Amino acid sequence: MSGWAADPSAAGTAVLVAVLLTAEAGLLVGVVMPASSLVLGLGVLAGAGALSPAAAVLTAAGATVLGAALGHHAAARGGPGSLLPTAGPLGRLLPARARALAERLSAPWVEAVGRGPVRAAAAAQFVAGARTLAPRVAARAGVRPAEMLRGTVPAALVWASCLVSAGALASSALPLVRSASTALGLPLLVVATAVLLVRRRAGSRRAGPRPA
């Protein structure tokens, strides 16, 4: 394989995954998006030779970093005391009580992120949901985007590398699993048949001869 991707469909899949990963970190709906599964899928493509492993890692890491930057920017526009959006259709739909509850629940996290923004940004990369909320909490705590990205960028590279490697290993193990199942299929069938025959014979002995 040479180049970014050996299969045009794999390249299209990588672009789609990049868009979804950006949305996962950049939009509030990303709290419920399966980002890790998407990166594992890129690893499967890399293991099958359809996509360069380096391209898979850089795609996943770059998309999540971009999403974090967008999430931080969106939260910063609402002011340092705003975690949820205040403008736009979503901001108008959110009741005041829901926004107040979110602010009250997030207050301890805002203080913690303010004390260690780089460590918090790095740790959030490995937790589903935190990749979405951490940039917004950082913006509310007054953390600058560059300071947040100091933790996000290296953590995103490690996170993407681990998941892509896991997906690639799973892809390479599939032929071994198929070969093992084929090799063990006939012996397992013989053993299962023998067990059924023994059980049937034991049941006949327990039943005893029928009366004439």
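User: Which residue just after H7 takes a positive phi, and of about how many degrees?
Analyst: The model considered here is predicted. Helix H7 spans residues 130-140. Just after this helix, a positive phi of about 80 degrees is taken by Gly142.

User: How many helices and how many strands does the protein chain have?
Analyst: Read along the sequence, the chain follows the pattern α-α-α-α-α-α-α-α. The count for the protein chain is accordingly eight helices and zero strands.

User: What share of the residues in the protein chain is buried?
Analyst: The accessible surface of the chain comes to about 12,400 Å², and 70% of this surface belongs to carbon and sulfur atoms. The chain has 212 residues, and the buried share of them is 34%.

User: Among contacts between residues at least 6 apart in sequence, what percentage joins residues at least 24 apart?
Analyst: The contacts considered are those in the protein chain between residues at least 6 apart in sequence. Of these, the part that joins residues at least 24 apart is 77%.

User: Is H7 mostly covered or mostly uncovered, and how many of its residues are buried?
Analyst: A residue is buried when its relative accessible area is under 20%. In H7, the residues that meet this cut-off are Arg131, Thr132, Pro135, Arg136, Val137, Ala138, Ala139 and Arg140. H7 is therefore mostly covered under this definition, with a buried count of eight of eleven residues.

User: How are H3 and H7 oriented to each other: parallel, antiparallel, perpendicular or oblique?
Analyst: Helix H3 covers residues 53-77, and its axis lies 8 Å from that of H7. The two helices pack at an angle of about 40 degrees. Angles under 35 degrees count as roughly parallel, and 65 to 115 as roughly perpendicular. The angle falls in neither range, so H3 and H7 are oblique.

User: Is the crossing of H3 and H7 left-handed or right-handed, and which residues of H7 make the contact?
Analyst: H3 passes H7 in a right-handed crossing. On the H3 side, the contact is made by Thr64, Ala68, Gly71, His72, Ala75 and Ala76. By class, the contact has six nonpolar, three polar and two charged residues. From H7, the contact is made by Arg131, Pro135, Arg136, Ala138 and Ala139.

User: Does Ala120 count as buried, partly exposed or exposed?
Analyst: Ala120 lies in helix H6, residues 117-124. Its C-alpha atom is separated by 9.7 Å from that of Pro135, 15 residues apart along the chain. The relative accessibility of Ala120 is 24%, so this residue counts as partly exposed.

Note on methods:
Residues are numbered from 1 along each chain as its sequence is written. This is a predicted model: local features need pLDDT of at least 70, side-chain atom pairs count only at pLDDT 80 or more; totals for chains, interfaces and linings use all residues. Side-chain values use heavy atoms; hydrogens and water are left out. Axes are lines fitted to C-alpha atoms, for helices over the stretch in contact, and angles run from 0 to 180 degrees between N-to-C directions. Helices (H or I, at least four residues) and strands (E, at least two) are DSSP runs, numbered from the N terminus. Angles under 35 degrees count as roughly parallel, over 145 as roughly antiparallel, 65 to 115 as roughly perpendicular and the rest as oblique. A crossing is left-handed if the near helix is turned anticlockwise from the far one by less than a right angle, and right-handed if clockwise. Contact means heavy atoms within 4.5 Å. Ala, Val, Leu, Ile, Met, Phe, Trp, Tyr, Cys and Pro count as nonpolar, Asp, Glu, Lys and Arg as charged, and the others, Gly among them, as polar. Buried means under 20% relative accessible area, exposed over 50%, partly exposed in between (1.4 Å probe, protein chains only). Accessible areas come from the Shrake-Rupley method with a 1.4 Å probe; for residues, only the protein chains shown count as cover.
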